[in-house]
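I opened a fresh page for this one and went through it chain by chain. Here are my notes, in the order I looked things up.

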Number of protein chains: 2
Amino acid sequence: MKLLAVLKCLSNCTSDSWDIADRVYECPHCGSLLDIVHPLEQLKSQPRLFWKNNFKARRLSFEQNDQSGVWRYREFVIPQLRSSDIVTLGEGNSPCVTTAGLKDYFKIDDIVIKLCGNNYTGSFKDLGMTVLVSVVRHAINAGKNIQAVGCASTGDTSAALAAYSAAAQVPSVILLPKNKISKAQLIQPIASGANVIALDTDFDGCMEIIQRLADSGIIYLANSKNALRIEGQKTIAFELFEQLDDKAPDWIVIPSGNLGNSYAIYKGFKLLFELGMIKKLPRLLLAQAEQANPLYLAYKNKLNTIEPVKAKSTLATAIQIGNPVSAKRALLALKETNGIVEQVSEQGLCDAAASIDKLGLYVCPHTAIALSAAKAAREKDIIRQSDSVVVISTANALKFTEFKVNYHTEKIKDINHSYTGSLTELPADYDKILKHIEKK
Amino acid sequence: MKLLAVLKCLSNCTSDSWDIADRVYECPHCGSLLDIVHPLEQLKSQPRLFWKNNFKARRLSFEQNDQSGVWRYREFVIPQLRSSDIVTLGEGNSPCVTTAGLKDYFKIDDIVIKLCGNNYTGSFKDLGMTVLVSVVRHAINAGKNIQAVGCASTGDTSAALAAYSAAAQVPSVILLPKNKISKAQLIQPIASGANVIALDTDFDGCMEIIQRLADSGIIYLANSKNALRIEGQKTIAFELFEQLDDKAPDWIVIPSGNLGNSYAIYKGFKLLFELGMIKKLPRLLLAQAEQANPLYLAYKNKLNTIEPVKAKSTLATAIQIGNPVSAKRALLALKETNGIVEQVSEQGLCDAAASIDKLGLYVCPHTAIALSAAKAAREKDIIRQSDSVVVISTANALKFTEFKVNYHTEKIKDINHSYTGSLTELPADYDKILKHIEKK
């Protein structure tokens with residue numbers, strides 16, 4: 001079966017379509033985002049069990065592309081790529097974990113955290129970047145002239161782009177606002193050999209220049225506007241389906257900033273639904289920081305569009321976004337899944353992170369936003385005790401040591417540090433240590 | 001089939017055996033380390049394909065314990081545990097990755113890196129800790145009085161113990177040398193709610209006190225002396241067997257310090273060999289830092305024991321060990337696999353880390369030791385171009401941001417920084433940026 005995915009206007013303003021290797025990032029007619037569209041009728045022509053069994057078989061395969069949690073589902077991702085186009089660093093296959101303490105904390109019988117930070121560069125961004133960079137290699141293999149890939153970024157995106165393009169041996173250009181990010185955030189793309197350029201401007205200034213570079217054909221644009229990344233992130237839904245015994249959960253809780261991931265996970269489940277593999281779509285609970293809450297405001301005020309806000313400073317830095325790129329995509333997902341939006345204060349973020357860490361689960365600030373939102377929805381009985389709930393953990397908390405240290409040393413401004421951990425200094429005296437331990 | 005694993009003297013001085021839940025950490029007769037022994041004849045009584053198919057079937061299961069890369073192999077780990085004893089955080093299932101650049105760099109056609117840092121707390125230690133903490137829960141469920149688990153540690157071990165014991169709701173005690181470790185290393189166990197005690201002594205002083213606390217029955221000892229941890233780490237071999245199309249590779253390259261992991265991976269392959277599942281054992285290449293090389297010296301001088309050395313400062317902090325606990329275990333593994341030992345200088349470590357990072361693979365300093373050793377063995381043609389080679393990556397490089405930053409800012413003393421990455425500062429001027437990109 002020859003399958004072909006193409007780019008189409010997300011707003012359906014035209015029946016035009018574009019090849020995945022075309023350098024088109026928005027609809028030339030209406031300026032809307034684009035979306036990858038799959039040949040649904042062809043996919044449907046297979047018996048329902050066909051896809052399920054196909055993907056299961058690949059989980060037992062030793063081929064590198066089959067072992068990827070993205071490319072195992074290649075017919076649902078970008079079917080026309082050849083095996084030799086694919087650039088994989090073993091992404092996906094992130095575990096779903098739970099503990100007895102977690103269930104007690106939420107009073108939810110069936111709650112798991114899907115650890116999407118268990119990816120090569122430490123965040124779910126790898127899922128999208130393997131797709132984008134593989135398509136770039138596909139285009140280069142087909143004779144297209146792509147000299148470099150590029151993005152404006154301050155964190156996870158640049159790390160993922162730099163690693164995958166290094167693996168593909170394609171040069172990458174990263175534009176960053178000077179002096180606004182830590183050495184720790186800088187060092188991943190620098191180590192990967194990217195051309196990292198710190199500019200005397202803010203993130204929006206970087207974005208403007210990278211867009212011009214893309215428009216002039218100097219670089220291929222890797223920012224989340226590019227619809228290809230959604231196709232990789234979509235596989236979170238396919239993995240969840242398999243991990244949850246070929247079912248969708250009742251709820252998926254997602255930290256929400258630029259909103260690409262929220263749309264991607266919906267899009268994955270939507271495809272499973274259309275193919276008859278699940279009976280209903282999971283409801284989305286999109287969790288925003290109160291400091292950067294344009295989606296929450298749109299939801300609360302029942303608006304059909306998102307009004308940009310000025311994002312205020314939040315500990316959840318990766319979702320500190322006032323004007324989300326994938327606004328339109330996420331509103332569609334919310335509507336179709338009967339979804340809801342919660343906002344979380346900085347205090348709520350800190351309380352959730354510290355409480356959940358003590359249950360054995362070390363979580364990043366963004367995941368803490370999602371966990372706090374889930375707790376709030378449970379307390380209002382919107383999420384019920386018997387519901388099955390998946391919380392998406394977006395990044396490895398090892399990227400956020402500073403946040404953890406500041407919390408446990410009570411250094412975060414205007415926050416009650418109610419759940420700090422224990423560090424005791426003692427002389428190397430057995431009896432004194434024994435006494436301290438017995439007292440605890 | 002009722003299978004029972006027991007503790008026995010590693011030196012075979014006695015036919016005595018001990019229950020896995022007994023608090024015995026060394027042979028009471030000869031003082032040797034203990035080893036978990038499995039009922040080999042019973043395992044052998046099954047047809048060869050039985051185990052293979054059994055484990056494959058579990059990779060398609062949605063049960064939490066089956067989804068663990070350790071407990072999927074439970075008959076080969078600790079078979080007598082009940083499902084409810086098991087404390088899992090989705091450990092294992094770490095990918096094997098490779099890139100075209102990596103193969104070119106080594107001039108080896110078939111080389112992969114197994115990313116054991118893709119575990120919950122960011123290192124392979126999780127594999128052993130899930131076993132140790134599950135046995136603790138098994139013992140508690142059986143009515144044994146264990147009030148806390150404990151270890152002396154400065155890094156990965158404490159993070160893993162604290163997370164798994166928090167998940168098991170068992171208190172943990174961590175002894176650390178005061179002022180000798182960074183906040184970043186401290187913060188994982190503190191966040192997990194462990195009783196973290198910083199002592200006015202060095203690591204050996206902490207070890208002495210934790211041993212006394214264990215001997216008095218105050219804590220259950222979780223340091224690597226405890227044979228249970230080997231059983232979890234052993235599963236790296238089982239996963240590799242499956243990932244490499246039901247074969248063993250020709251070579252396994254392992255960063256080697258305390259030597260528990262070197263023994264564990266050998267022990268896993270040895271079991272597969274005894275069951276007829278593989279035809280030959282892989283050869284071990286154990287890689288040591290020149291600054292902490294007691295195994296290398298023993299190997300070079302053809303000794304039957306390891307003479308402790310004073311470990312000097314190395315960037316590979318986790319293997320800065322002069323008197324390895326599992327010395328006897330590792331010598332056995334070397335002998336049985338016709339293994340070799342290489343040592344690597346600090347310069348070699350830095351060169352390997354920076355060169356391999358540029359190929360898209362972000363590696364920790366210990367993994368760099370292994371990679372440099374593999375390169376040396378290849379250059380001497382001990383490893384041949386057509387050999388299949390697996391390099392074990394032990395920890396997530398996100399734990400070593402400081403090392404990366406120091407390298408790329410040329411701040412590591414007495415090191416040539418030959419492969420630093422690129423960071424350029426520019427004004428937000430399109431033409432200047434374009435010129436810079438075109439020049440590169």
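How many salt bridges does the structure hold over all chains? I counted 47 over all chains, keeping in mind that this is a predicted model.

**Entry 1: a salt bridge between chains**

I picked out one pair to follow. The side chains of B:Glu425 and A:Lys178 form a salt bridge at 3.4 Å, N to O. B:Glu425 sits in strand 14 of chain B, while A:Lys178 belongs to the loop between strand 7 and helix 7 (183-191) of chain A, so this pair joins two chains. I then looked up A:Glu425 and B:Lys178, whose side chains also meet in a salt bridge, at 3.5 Å, N to O. Across the interface of chain B and chain A, the rule finds 2 salt bridges.

**Entry 2: the interface**

Next I wanted the extent of the contact. I found 85 residues of chain B touching 85 residues of chain A. The two chains bury about 7400 Å² between them, with 63% of that on carbon and sulfur atoms. Which residues of chain B lose the most area to chain A? They are B:Tyr120, B:Leu398 and B:Tyr430, which together make up 10% of what that side buries.

I also looked up polar contacts, and 22 residue pairs make them across this interface, both residues being at pLDDT 80 or more. On the side of chain B that touches chain A, helix 7 (residues 183-191) of chain B gives the largest share, with 7 residues. That side divides into 41 nonpolar, 28 polar and 16 charged residues.

**Entry 3: a sheet with strands from two chains**

Here I followed strand 14 of chain B. Strand 14 (residues 422-426) of chain B pairs with strand 8 (residues 195-199) of chain A in the parallel sense, over 5 bridges. B:Glu425 turns up again here, as the bridge partner of A:Ala198.

I traced the whole open sheet as 5 strands in the order 9(A)-6(A)-7(A)-8(A)-14(B), with parallel pairing. Its edge strands are strand 9 (220-221) of chain A and strand 14 of chain B, each paired on one side only. Within chain A, strand 6 (residues 149-152) and strand 7 (residues 172-177) run parallel and are joined by 4 bridges. A:Cys151 has A:Ile174 in strand 7 as its bridge partner.

I noted a helix here too. Helix 17 (residues 430-439) of chain B lies across strand 7 and strand 8 of chain A and strand 14 of chain B, at about 165° to strand 8 of chain A.

**Entry 4: the sheet within chain A**

In chain A I found an open sheet of 6 strands, ordered 4-5-13-10-11-12, with mixed pairing. Strand 4 (96-97) and strand 12 (340-344) each have a single partner strand, so one side of each is left without a neighbour in the sheet. Strand 10 (residues 251-255) and strand 11 (residues 283-289) run parallel, joined by 5 bridges. A:Val253 stands opposite A:Leu285 of strand 11.

**Entry 5: A:Lys399**

Where does A:Lys399 lie? I found A:Lys399 in the loop between strand 13 (388-393) and helix 16 (401-408) of chain A. Beyond its neighbours within four places in sequence, its contacts include A:Thr121, A:Gln188 and B:Leu398. The side chains of A:Lys399 and A:Asp156 share a polar contact of 2.6 Å.

Note on methods
Residues numbered from 1 in each chain as written. Chains lettered and ligands numbered in written order. Predicted model: local features only at pLDDT ≥ 70, side-chain atom pairs only at ≥ 80, totals over all residues. Heavy atoms only, no water. Contact = heavy atoms within 4.5 Å. Buried area = accessible area lost by both parts, 1.4 Å probe. Salt bridge = Lys/Arg side-chain N within 4 Å of Asp/Glu carboxyl O. Polar contact = N/O pair within 3.5 Å; in protein donor to acceptor, adjacent residues only side chain to side chain. Nonpolar A, V, L, I, M, F, W, Y, C, P; charged D, E, K, R; others polar. Pairing = 2+ DSSP bridges. Axes fitted to C-alpha atoms, helices over the stretch in contact; angles between N-to-C directions.
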